[in-house]
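Dear colleague,

I am passing on the structure below, together with notes on its pocket, its core and its disulfides. Please read them with the model open beside you.

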Amino acid sequence: MEVTVPEQPVVALHGRDATLNCSFSSNAHFNLSDLTVFWQLTDTKRSVHGYTEGRDQLVDQAEAFANRTSLFPSQLGLGNASLLLKEVGVVDEGSYTCFVRVQDYSSAALLLQVAAFYSKPVVTLEPESNLRPGDEVALTCVAYGGYPQADVIWQDGSGRNLTDNITNSVVANEEGLFTMTSVLTVVLEPNSTYSCRLINPLLGEEGNAFVTITGG
């Protein structure tokens with residue numbers, strides 16, 4: 001008996017359904033009544049989904065997964081024990097173990113990572129008016145509703161990365177999604193352009209915003 005799951009983390013979009021792939025190969029011919037499939041959270045051992053004696057067994061299922069899980073019944077006889085997890089949220093992130101038993105049993109664990117796109121970044125400046133060269137200006141870049149925490153890169157008009165005088169903060173909402181705020185403090189030069197780029201480590205670059213200050 002061999003159980004196989006993806007080696008790389010499964011990345012699921014927040015609010016969408018995700019399939020956690022698990023396949024098994026058994027040397028013996030078997031009836032579905034001989035098959036047991038059990039998914040659980042690897043760390044806490046909480047039950048995610050159970051199947052035995054030819055039907056789902058959900059008595060011990062953790063409440064957080066109620067009405068959100070299913071196997072692929074028509075595929076079980078072909079060695080497919082994959083789990084469909086509906087409406088994935090940040091709280092679902094973690095390691096899942098797929099147990100399969102026919103005559104003997106085996107198991108394998110995979111990692112589920114959750115990702116969500118951030119809103120397009122918006123840059124504002126303080127103060128907004130009566131700016132003169134030499135004034136200190138605070139540029140604030142905000143993007144919200146994303147996951148996981150993003151990298152924020154500030155650049156000047158020539159594309160040079162700015163790394164000094166930057167303050168980043170992250171706040172999570174009740175769904176666990178983040179609002180990223182990055183403040184860059186600069187001394188104003190005439191006709192300066194500054195851009196804020198947001199990079200989600202799981203989804204790649206998401207967007208950028210820029211502001212040109214014409215004070216002088």
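How much space lies in the largest pocket? About 240 Å³ lies there, where a pocket is an open set of points on a 1 Å grid over the protein atoms alone at which a 1.4 Å probe fits, with protein on both sides within 12 Å along at least five of seven lines, and where the volume is the space filled by probe spheres set on the points, joined across faces, edges and corners.

Please keep in mind that this is a predicted model, in which local features need pLDDT of at least 70 and side-chain atom pairs count only at pLDDT 80 or more, while totals for chains, interfaces and linings use all residues. Residues are numbered from 1 along each chain as its sequence is written, and side-chain values use heavy atoms, with hydrogens and water left out.

The lining of the largest pocket (residues with an atom within 4 Å of a point) consists of 14 residues, and those nearest its centre are Arg-160, Leu-162, Val-186, Glu-189 and Tyr-194. At least two lining residues come from each of strand 15 (161–162), strand 17 (178–187) and strand 18 (192–200), strands being DSSP runs of E of at least two residues, numbered from the N terminus. Strand 17 gives the most, with four residues.

The largest nonpolar core, a set of buried Ala, Val, Leu, Ile, Met, Phe, Trp, Tyr and Cys residues joined through side-chain atoms within 4.5 Å, has 57 residues, and Trp-39, Tyr-96, Leu-139 and Trp-154 have the most contacts inside it. This core draws at least three residues from each of domain 1 (2–115) and domain 2 (119–213), with bounds from an automatic or database domain assignment.

There are two disulfides, each a pair of cysteine sulfur atoms within 2.5 Å. The sulfur atoms of Cys-22 and Cys-98 are 2.1 Å apart, and the torsion about their S-S bond is about -80°, so this disulfide is left-handed. Cys-22 lies in the loop between strand 3 (18–20) and strand 4 (23–25) and Cys-98 in strand 10 (residues 94–101), so the pair ties together parts that are 76 residues apart in sequence. Cys-98 is buried (under 20% relative accessible area, 1.4 Å probe, protein chains only), with a value of 0%.

In the other disulfide, the sulfur atoms of Cys-141 and Cys-196 are 2.0 Å apart. This pair links distant parts of the chain, with Cys-141 in strand 13 (residues 136–146) and Cys-196 in strand 18, 55 residues apart.

Best regards

Key: Buried means under 20% relative accessible area, exposed over 50%, partly exposed in between (1.4 Å probe, protein chains only).
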